[in-house]
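Trainee: I would like a close look at one helix of this model, including what surrounds it and how the chain as a whole is arranged. Could you take me through it slowly, beginning with how its elements are named?

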Amino acid sequence: MYNSDSQTETQLVDPFNRKIEYVRLSVTDKCNLRCFYCLPKDFSEFEQPSHWLSFDEIERVIAAFADLGVARIRITGGEPLVRKDLAALVQQLSRLEGVEDLSLSTNAVLLDKYARTLKDAGVSRINVSLDTLRPERFRRITQGKLQPVLDGLMAAREAGLSPIKINMVAMKGVNDDEFEDMVEFCLEHDFTLRFIETMPVGNTGVDASRYYLGLNEVKSKLADQYELIPGVMRGGGPARYMQVKNTRLRIGFITPLSQHFCETCNRVRLSADGTLYLCLGQDHKYELRPLLRQGISDDGLKNAIIEAIGIKPEKHEFQDNPGQVVRFMSMTGG
Ligand code: SAM
């Protein structure tokens, strides 16, 4: 039961004794890119806007999490910058007592326009997806243009968003000849670089396992060129960091398949339609929208969240059961 007297750390502990300290908040499942490993090329079956949580509904849910001791929120999607007036939501959330860290995951296509406003509204740091620095390859992977993304990154740096982390999905035969170029790009611009393994999520029409590249291979390729020493990075995420010696560059390795990190999972995901997903790779979920629209009290909402955490599964089964493709990443909130 929710204990209103407790002012301490998170009250959310799941059945496997993991503390839930982090919410990924998806504000839309729509995206202005079509990365081939994320969404089918012609996908258009997005959630109806009437099912999206309103900003006030989102604020209520995040306030409930904050009251339960969750201080860190990452805004994501789909592409969060396509949600109208996102900065107004950021402002609402940054004013909430208990919310200490508001970050954003974006493809940066619209960031040139919004970086400054988002920083002023309360976003402190950002993660940007970028799988290639080659315009033609970028178009093949995403169906979009590279230059706005590069402009967005520079605008983010000018606006003082820090750190800026580049998330690169490492894919065999797609971008495995570009790891060093990306390291050099991040060195030049003082970005942090993170590599991610391709996960079998969502039936995109392409078999993700064709492109899968274990990050040990990436690490050893890089170690031929750079002297890597153990590194640390604030953020509480699953990446394991190395640092390029004598530079500020940290390189993170996110290995959901080759070395899964479920035992330290500290997060849940709230989708744009108000579904709380308890695991990226499983179907366990809890619907909050009906409760919100039926007028649930604040304490009732907190109790619902506690109940939801009670069904968080132990682990995903990407490795043991790769055929079990769950929702598209853009739907859960990546
Ligand atoms: N639009 C935002 C962005 O680009 O960061 C947020 C959502 S996007 C779904 C979040 C991240 O998920 C991106 O870095 C994307 O590359 C990654 N992603 C999507 N599908 C994936 C998959 N099958 N395996 C690994 N990463 C994936």
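Mentor: Helices here are DSSP runs of H or I with at least four residues, strands are runs of E with at least two, and both are numbered from the N terminus. In those terms Leu68 sits in the loop that joins helix 1, residues 55-67, to strand 2, residues 72-76. Everything that follows describes a predicted model. Although Leu68 is in a loop, its relative accessibility is 0%, and since buried means under 20%, Leu68 counts as buried. Its C-alpha lies 25 Å from that of His51, with 17 residues separating the two in sequence.

Before turning to the helix, consider the whole. The protein has ten helices and twelve strands. Its radius of gyration is 19 Å, close to the 20 Å that the globule rule gives for 334 residues, so the protein is as compact as a globular protein of that length. The C-alpha trace spans about 55 × 45 × 45 Å along the principal axes, and 55% of the 334 residues count as buried. Of the contacts between residues at least 6 apart in sequence, 74% join residues that are at least 24 apart. The exposed area is about 14900 Å², with carbon and sulfur atoms supplying 47% of it. As for charge, there are 42 positive and 46 negative side chains, and the centres of these two sets are 2 Å apart.

The helix I would choose is helix 7, which runs over residues 215-225 and whose buried residues are Leu215, Val218 and Leu222. Seen down the axis of helix 7, these buried residues fall within an arc of 50°, so they line one face of the helix. The underlying geometry is a general one: an α-helix has 3.6 residues a turn, so residues three or four places apart point the same way. On the other side of helix 7 one finds Asn216, Glu217 and Asp224, which are exposed. The buried residues of helix 7 pack against two kinds of element: one helix, helix 6 (179-189), and the strands 5 (164-170), 6 (192-197), 7 (228-230) and 9 (250-254).

Several of those partners are flanked by loops with notable backbone features. Leading into strand 5 from helix 5 (147-159) is a loop that holds Pro163, and the peptide bond from Ser162 to Pro163 is cis, with omega near 0°. Between helix 6 and strand 6 lies the loop that contains Asp190, a residue that is not a glycine and yet has a positive phi of about 65°; with a relative accessible area of 43%, Asp190 is partly exposed. The loop between strand 8 (240-244) and strand 9 holds Asn246, which likewise has a positive phi of about 65° without being a glycine, and which counts as exposed at 75% relative accessibility.

For another buried residue in a helix, take Leu86, found in helix 2, residues 86-94. Leu86 counts as buried, with 4% relative accessibility. Leaving aside residues up to four places away in sequence, Leu86 touches Val27, Phe55, Ile75, Pro80, Leu81, Leu104 and Leu118. For Leu118, which is 32 residues from Leu86 along the chain, the separation of the C-alpha atoms is 8.0 Å.

Definitions and conventions. Residues are numbered from 1 along each chain as its sequence is written. This is a predicted model: local features need pLDDT of at least 70, side-chain atom pairs count only at pLDDT 80 or more; totals for chains, interfaces and linings use all residues. Side-chain values use heavy atoms; hydrogens and water are left out. The radius of gyration is taken over C-alpha atoms; the globule rule is 2.2 Å times the number of residues to the power 0.38. Buried means under 20% relative accessible area, exposed over 50%, partly exposed in between (1.4 Å probe, protein chains only). Contact means heavy atoms within 4.5 Å. Accessible areas come from the Shrake-Rupley method with a 1.4 Å probe; for residues, only the protein chains shown count as cover. Lys and Arg count as positive and Asp and Glu as negative; His and the chain ends are not counted. The place of a charge is taken as NZ of Lys, CZ of Arg, CG of Asp or CD of Glu. The arc is that of the directions from the helix axis to the C-beta atoms.
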